[in-house]
Amino acid sequence: MILLDRVTKTYNQKEQALERVSLHVEPKEFVIIVGQSGAGKSTLFKLLTREEKPTSGKIIVGGMDYDKLRDKDIPLLRRKIGVVFQDFKLLPAKTAYENVAFALEIAGLPTVEIKHTVPKVLEVVGLRDKADNYPRELSGGEKQRVAIARAIVRQPKILIADEPTGNLDIKHAWDVIKVLEKVNKFGTTVLLTTHNQEIVNYLKRRVITIKDGKIISDKAVGQYKL
Ligand code: ADP
């Protein structure tokens, strides 16, 4: 599903954010990426979503070779990858329903299909009863679950969750983790970053540790160790 071969990313011709990173992630895997701030985790994600281009090395995602991508391929690529962030990035003037629906509206889907799909996705994240609430009326955990619903509504192959529990108390963090597990169970490859040791140890998934732009460990069932 994801293949990186000796990928290096250098910003401003000096700072090496990633150095010869090679990585293979199978479809439907759930991978946790840990590393201190500045280790290179977000850079890795930005390379996958093509917000940034590698300085050298090869990236292939879902059969798409990034060296061969043309501008017109980018929307298709982004459709394969859903992303959620620590700060949710919801639209404050839209309800939970409208935030999710918006992702389908900009993709040009017909209204009848949007009306059919959005409630189902809100159901998956356990927020059917909050469909008409605005972000300000939702808890942090609920906001993050709306963000997840929005990220998965077009059925991406991969979900990137970049510190999704970073702003949440532990109870709400668990709600979010449970939703990520469910999304993974439905067949989506999940890449998660977290600083929460308890979550890493609970999940019992593959853990990749990045330090100073390099993968320093990659364990099938890893523990949190920095
Ligand atoms: P993490 O997500 O693990 O905190 P990042 O990928 O954000 O790490 O950062 C890795 C390194 O690259 C850091 O040294 C950071 O300062 C640098 N970096 C990240 N983004 C940029 C950028 N747009 N321009 C210059 N340097 C950057």
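**Exercise 1. State whether Thr-95 is buried or exposed, then place it and list its contacts.**

Step 1. Thr-95 has a relative accessible area of 6%. Buried means under 20%, exposed over 50%, partly exposed in between, with a 1.4 Å probe and protein chains only. Thr-95 is therefore buried.

Step 2. Thr-95 sits in the loop between E6 and H3. Helices (H or I, at least four residues) and strands (E, at least two) are DSSP runs, numbered from the N terminus.

Step 3. Leave out residues up to four places away in sequence; Thr-95 then touches Ala-131, Asp-132, Asn-133 and Tyr-134. Contact means heavy atoms within 4.5 Å.

A note on the basis of these values. This is a predicted model, in which local features need pLDDT of at least 70, side-chain atom pairs count only at pLDDT 80 or more, and totals for chains, interfaces and linings use all residues. Residues are numbered from 1 along each chain as its sequence is written, and side-chain values use heavy atoms, with hydrogens and water left out.

**Exercise 2. Describe the surroundings of Val-183.**

Step 1. Val-183 belongs to helix H6. Its relative accessible area is 2%, so Val-183 is buried.

Step 2. Val-183 touches Ile-148, Ile-152, Leu-159 and Thr-188, not counting residues up to four places away in sequence.

Step 3. Take the pair Val-183 and Leu-159. They are 24 residues apart along the chain, and their C-alpha atoms are separated by 8.6 Å.

**Exercise 3. Find which residues touch the most other members of the largest nonpolar core, and which elements build this core.**

Step 1. A nonpolar core is a set of buried Ala, Val, Leu, Ile, Met, Phe, Trp, Tyr and Cys residues joined through side-chain atoms within 4.5 Å. The largest one holds 44 residues. Ile-32, Ile-148, Leu-159, Leu-180 and Leu-192 touch the most other members.

Step 2. Elements giving two or more residues to this core include strand E3 (30-34), helix H5 (140-152), strand E7 (158-162), helix H6 (170-185) and strand E8 (189-193). H6 gives the most, with seven residues.

Step 3. Domain 1 (25-54 + 69-80 + 156-226) and domain 2 (91-155) each supply at least three residues to this core. Domain bounds come from an automatic or database domain assignment.

Step 4. Another core, of 27 residues, lies apart from this one; among its members are Ile-33, Leu-47, Ile-158 and Ile-160.

**Exercise 4. Work out the strand order of the open sheet and locate its edges.**

Step 1. Six strands line up as E6-E7-E8-E3-E9-E10, with mixed pairing. Two strands pair if DSSP finds at least two bridges between them.

Step 2. Strand E6 (81-85) and strand E10 (214-219) each have a single partner strand, so one side of each is left without a neighbour in the sheet. These two are the edges.

Step 3. Look at E3 and E8. They run parallel, joined by four bridges. Ile-32 has Leu-192 as its bridge partner in E8.

Step 4. Add the helices. H5 lies across E6 and E7, at about 165 degrees to E6. H6 lies across E3, E7 and E8, at about 155 degrees to E8. Axes are lines fitted to C-alpha atoms, for helices over the stretch in contact, and angles run from 0 to 180 degrees between N-to-C directions.
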